[in-house]
Amino acid sequence: QGLKLPDKAYSSCGYIGMARLLLGNTASPTPDGKRYNWTFYVRGETDELDSVTIKLHPTFKDPIRVCDKPPFEIHAKGWGTFDITVLLKWKSGAVQRTIWELQFDQTDAFKELQVPSKVLQRAALPGSCPPPAPPAPAGEEVPVPPWEAENSDVYGVRGSIAGLDSEDDAMAEVAPAVEEDVPGPPPELLRDTSAGKGDADPVRATVCERLRGMPYMAPSHPQFMFGRGYDGPLKAPKVLWKSDKAPREDHSCPKWLTATEFEDVPEVMAAKVKELARLMMISRKTVAYTGAGISAAVIGQAALSGQHTVGWKADTRTAPPTFTHHALGFLGREGLLHGWVQQNHDGLPQKAGFPQERINEIHGSWYDPGNPVVKYSGSLHDRSYPWMREDAETADLCLVLGTSLGGLNADQVATKTADRSLLPPAPEPGVLAPGAWITLLRGGRIFKGRVVAVKEKDIEVRFKTSTSDSDSEEEDDRLGDPVRISKSEKF
């Protein structure tokens with residue numbers, strides 16, 4: 001009664017004064033100098049800390065780590081820095097969210113975090129005399145974590161916008177009791193985005209419903225040459241050049257795919273252009289994925305063709321952009337094309353005026369010493385690969401031009417975007433319904449999956465399969481067969 005508590009103090013009635021924590025990381029380069037061994041930690045006055053949930057970059061094998069006892073730290077290896085989201089769960093039941101920017105330029109970097117007493121205050125101990133509870137400020141309350149909410153067995157459920165958010169964001173973003181003011185990225189680093197359309201927009205809703213109702217088609221399907229979203233005239237295209245050989249000898253492809261070249265009749269072409277324009281207007285993020293075919297006329301190509309012979313032109317440095325490059329460059333300047341994943345090394349998109357900062361030359365460039373050309377037997381560059389993965393997981397619409405999708409790693413930009421068009425509309429965040437992503441902890445491992453059915457006592461989930469054995473390597477993003485989980489299980 002009336003005593004001034006020190007910075008850290010306890011009482012039989014559950015009063016706890018302010019605590020100080022240190023958040024930081026140590027870092028040391030690996031022997032080959034290509035990566036860093038690092039440790040993220042939460043240290044200091046951690047007596048009242050119940051657990052620490054750490055969310056890493058989505059390229060890590062298990063991006064969500066939970067430390068439920070001291071020491072509150074994790075060890076990892078990686079090549080780049082990123083923001084680490086940290087959820088501090090206190091024994092009082094309060095949850096505090098903060099951000100730590102991973103740093104490699106110091107052997108031990110840290111910041112001090114002061115935790116107010118209102119976060120630390122616990123209920124009175126049994127048999128003690130609790131003081132009167134202070135009235136909560138209007139409009140302010142300490143949120144209950146979803147894993148402790150009454151009548152809630154759902155842990156980490158998060159919906160997504162039209163199924164477009166990455167499954168790597170499976171952890172719930174809980175409204176925190178105390179949250180630091182963390183500034184966002186500078187405006188010049190934010191990519192421009194089309195206004196797009198919301199899920200309730202009737203045009204978008206109609207298109208999405210049509211795509212979900214039309215599964216992938218066999219080559220023998222009468223609409224195969226027109227696409228799942230096409231609703232125009234079904235007139236066969238002209239055959240300009242016929243071949244029974246594969247498009248490229250050095251790439252794999254299905255048996256039905258040959259190097260034969262087609263051209264749509266005028267009325268079909270007009271209908272397709274109109275449909276593409278409608279898709280671009282409702283798309284929230286459009287990405288181009290292009291191969292050697294868009295540069296064949298001026299650079300040469302390795303693929304078979306009736307118009308261009310196999311081989312390369314003499315002077316590639318003076319090659320002008322093709323009509324395709326100019327068209328994509330215009331769409332980029334108009335804000336309708338938000339990213340471009342380019343397989344080629346020729347620099348022609350930049351010549352056509354496409355913004356340099358929005359093109360990912362995934363296989364390297366002839367003109368950028370910092371991005372050397374990648375051979376088929378090589379590995380994708382550290383900077384380009386995560387960017388490509390981000391586009392593959394978040395694109396609303398992908399324009400595939402000049403490539404036969406012969407099995408390259410970067411083909412996921414096209415295939416993942418197409419796969420999402422078959423998914424049901426996602427529920428609101430925190431709602432357990434088909435389309436929601438969940439995380440499940442078993443045997444010390446975190447599994448992520450998409451809910452496909454919700455029944456009275458259980459749910460059906462398709463979990464991601466993973467073949468990765470170490471941090472910072474690509475995960476297998478395929479979904480396995482549905483498995484049944486009891487609603488009583490914590491997930």
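Visitor: What makes strands β2 and β5 count as paired?

Guide: In this predicted model, seven bridges join strand β2 (residues 36–44) to β5, and the two run antiparallel. Pairing requires at least two bridges, so the seven bridges between β2 and β5 qualify them as a pair. Within this pairing, Val-42 stands opposite Phe-72 in β5.

Visitor: Which sheet contains these strands, and why are β5 and β8 called edge strands?

Guide: Four strands make up an open sheet, in the order β5-β2-β1-β8, with antiparallel pairing. The strands β5 (72–78) and β8 (108–115) each pair on one side only, and they are the edge strands. From one strand to the next, the twist averages 15°.

Visitor: How do you know that Lys-235 and Glu-267 form a salt bridge?

Guide: The closest N and O atoms of Lys-235 and Glu-267 are 2.6 Å apart. The criterion is a distance within 4 Å, so the pair satisfies it. Lys-235 lies in the loop between α2 (202–212) and β10 (238–241), whereas Glu-267 belongs to helix α3 (residues 266–282); the pair links distant parts of the chain, 32 residues apart.

Visitor: Why is Lys-235 called partly exposed?

Guide: Lys-235 has 41% relative accessibility. Partly exposed is the class between under 20% and over 50%, so Lys-235 falls within it. Glu-267, at 35% relative accessibility, also counts as partly exposed.

Visitor: What makes the contact of Asp-391 with Lys-285 a salt bridge, and are these residues buried or exposed?

Guide: The N to O distance between these side chains is 2.9 Å, and the cut-off is within 4 Å; the contact is therefore a salt bridge. Asp-391 lies in helix α7 (residues 384–394) and Lys-285 in the loop between α3 and β12 (286–290), so the bridge ties together parts 106 residues apart in sequence. Both residues are buried.

Visitor: Why does Glu-460 count as buried and Arg-484 as exposed?

Guide: Glu-460 has 19% relative accessibility; buried means under 20%, so Glu-460 meets that limit. Arg-484 has a relative accessible area of 55%; exposed means over 50%, and Arg-484 is therefore exposed.

Visitor: How do you know that Glu-460 and Arg-484 form a salt bridge, and which network includes them?

Guide: Their closest N and O atoms are 3.3 Å apart, and this value is within 4 Å, so the pair is a salt bridge. Salt bridges with shared partners join Lys-455, Asp-458, Glu-460 and Arg-484 into one network.

Visitor: How many salt bridges does the structure hold?

Guide: The structure holds 13 salt bridges.

Methods: Residues numbered from 1 in each chain as written. Predicted model: local features only at pLDDT ≥ 70, side-chain atom pairs only at ≥ 80, totals over all residues. Heavy atoms only, no water. Buried < 20%, exposed > 50% of the residue type's maximum accessible area, 1.4 Å probe, protein only. Axes fitted to C-alpha atoms, helices over the stretch in contact; angles between N-to-C directions.
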